[in-house]
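Colleague: I am new to this structure and would like a close look at a single part of it. Please start from one residue and work outwards.

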Amino acid sequence: MTTPLQSLIATGTKVWLDSVDPDALAKNRAWGITGATSNPIIISDLIKTGQFDTDMQRFLKEGLSDNDIAWKMDDLLVRRAQEGFAAVWEKTRGDDGYVSFELEPLLEDPERNLPLAERTKQYIALGKQWSAGHRNRMIKVPNTDAGVAALEELAAAGITLNVTLTFSEKQYFRARDAVWRGAQRRSSLDTFKSVYSIFVSRLDVYTEHHVPQLSPKAQGMVGIVNAKRIWRLNQQFWADKKLPLKQEIIFASTGTKKPEDPPTKYVEAFAGSDIETNPPATNEQVQASGKTFTRQVDKLPSADVLAEIDREVDMAKLETTLMDEAIKKFADPQKHLLALIAEKRKALTGGRRPAEATR
């Protein structure tokens, strides 16, 4: 019997897990999931469980700072997740089976207020550092001014990229064009792979608060319409490039935020192509739904709904607002992770710590 996730995958969608929890990964791999992603919230939640205290104690004995331990733990957990998807990477010759590794979120911290050139320089250096020696690791770079300024150099260096924090067509265009410029500087395009993470549910949270005049038919559809339009633009751009590997959209932020929305709302909307990165709870709910999914990614609402969305939603304002919120959400979890590691240090060593080193 075909399960709901199997039917989703059968439409042409690659399903990845928004977690590197070993237990969740094992369960989801059995369901057919073929990739994953990490971030500071995920790493914090795993450290809290205590199951990685042995690894933590090893890092403490090495005299590492809290900051260094944060990155050692992230690297360790992503490496282990990569091992689980290595066979997928091999089978697809580099088109699937990736785990995304997020670069330093504190580069965008408003409190640090680092100059653009310095942030760009660090993104390039860190991207090269954390990708070195890996075949199925994607380097996740935010769609900020500094992140985009680093994309061409990172792509030229042969790094597989996941451009995240993307909300609008304008952001997509500038990121894609920078990546493509860099890719064309490579000696070969045989291993060139890039993905663009388009956030979905956050747009519908935004319109509910800032565009309440939308009709019931249009309210709650802006995230879907926006992501599908960007998906179509991406399909059109790469169609004539004849590349060995697919340059894809990741439909991200696919967990529903409103209790009255069915948990399959966003998952179902994008069935049929590219990649969906779903939280563990969303995949659990999809499996429990009993649904059989069919291709929906190229189907848009009626013309009147599209016209209403275009008329009522100021995408420039939406992008600015959501990016401002995203930058805070980007930096704060890393601060919380560092605070958690400091607490763990006290619990495991009685508070002994080395002088903090600069990463």
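Is Lys140 buried or exposed, and at what relative accessibility?

Modeller: This is a predicted model, and what follows should be read with that in mind. Lys140 counts as buried, because its relative accessibility is 7% and the cut-off for buried is under 20%. The residue belongs to strand E4, which covers residues 137-142.

The surroundings of Lys140 come next. Leaving aside residues up to four places away in sequence, Lys140 touches Thr37, Ser38, Ser100, Phe101, Glu102, Leu103, Asn162 and Thr164. With Thr37 there is also a polar contact between the two side chains, at 2.8 Å.

Now the sheet around Lys140. E4 is one of eight strands that close into a barrel, in the order E1-E2-E3-E4-E5-E6-E7-E8, with parallel pairing. From one strand to the next, the twist averages 30°. In general, strands of a sheet pair through backbone hydrogen bonds, and the pairing can be parallel or antiparallel.

Within the barrel, E4 pairs with strand E5 (residues 161-166) in the parallel sense, over four bridges. One pair to look for is Val141, whose bridge partner in E5 is Val163. Helix H7 (residues 145-156) packs on the sheet here and touches both E4 and E5; its direction makes about 150° with that of E4.

Going on along the barrel, E5 and E6 run parallel and are joined by four bridges. Val163 appears again at this step, since its bridge partner in E6 is Tyr196. Six of the six residues of E6 are buried, so this strand is largely enclosed by the rest of the structure. Both of its faces are covered: the buried residues are Ser194, Tyr196 and Ile198 on one side, and Val195, Ser197 and Phe199 on the other. E6 is also among the elements against which the buried residues of helix H9 pack; the others are helix H10 (222-238), helix H11 (265-269) and H14. In H9 itself, which spans residues 201-210, the buried residues are Ser201, Leu203, Asp204, Tyr206 and Thr207.

The place where the barrel closes can be followed through strand E1 (residues 14-17). E1 is joined to strand E8 (residues 275-278) by four bridges, and the two run parallel. Lys14 has Ile275 as its bridge partner in E8. Towards strand E2 (residues 35-37), E1 has two bridges, again with the strands running parallel. There Trp16 stands opposite Gly35. Both faces of E1 are covered, with Lys14 and Trp16 buried on one side and Val15 and Leu17 buried on the other.

Just before E8 there is a backbone detail to note. Asp274 lies in the loop between H11 and E8. Its phi is near 60°, a positive value in a residue other than glycine. Asp274 is buried, with a relative accessible area of 5%. Another such case is Arg93, which has a positive phi of about 55° although it is not a glycine. Arg93 is found in the loop between H5 and E3. Arg93 counts as exposed, because its relative accessibility is 72%.

Two spaces remain to be described. The largest pocket holds about 890 Å³ of space. Its lining consists of 40 residues, and those nearest the centre are Asp18, Asn39, Ile41, Phe199 and Arg202. At least two lining residues each come from H3, strand E3 (99-102), E5, E6, H9, strand E7 (248-252) and H14. H14 supplies the largest share, six residues.

As for enclosed space, there is one cavity of 30 Å³ or more. The largest cavity has a volume of about 60 Å³. Among the residues that line this cavity are Asn39, Pro40, Trp71, Glu102, Leu103 and Gln334. Glu102 and Leu103 are also among the residues that Lys140 touches. Helix H3 (40-48), helix H5 (66-91) and helix H14 (315-349) each give at least two residues to the lining of the largest cavity. The largest share there, three residues, comes from H5.

Definitions and conventions
Residues numbered from 1 in each chain as written. Predicted model: local features only at pLDDT ≥ 70, side-chain atom pairs only at ≥ 80, totals over all residues. Heavy atoms only, no water. Buried < 20%, exposed > 50% of the residue type's maximum accessible area, 1.4 Å probe, protein only. Polar contact = N/O pair within 3.5 Å; in protein donor to acceptor, adjacent residues only side chain to side chain. Contact = heavy atoms within 4.5 Å. Pairing = 2+ DSSP bridges. Axes fitted to C-alpha atoms, helices over the stretch in contact; angles between N-to-C directions. 1 Å grid on protein atoms, 1.4 Å probe; cavity = no way out; pocket = protein on both sides within 12 Å on 5 of 7 lines; lining within 4 Å. Points joined across faces, edges and corners; volume = space filled by probe spheres on them.
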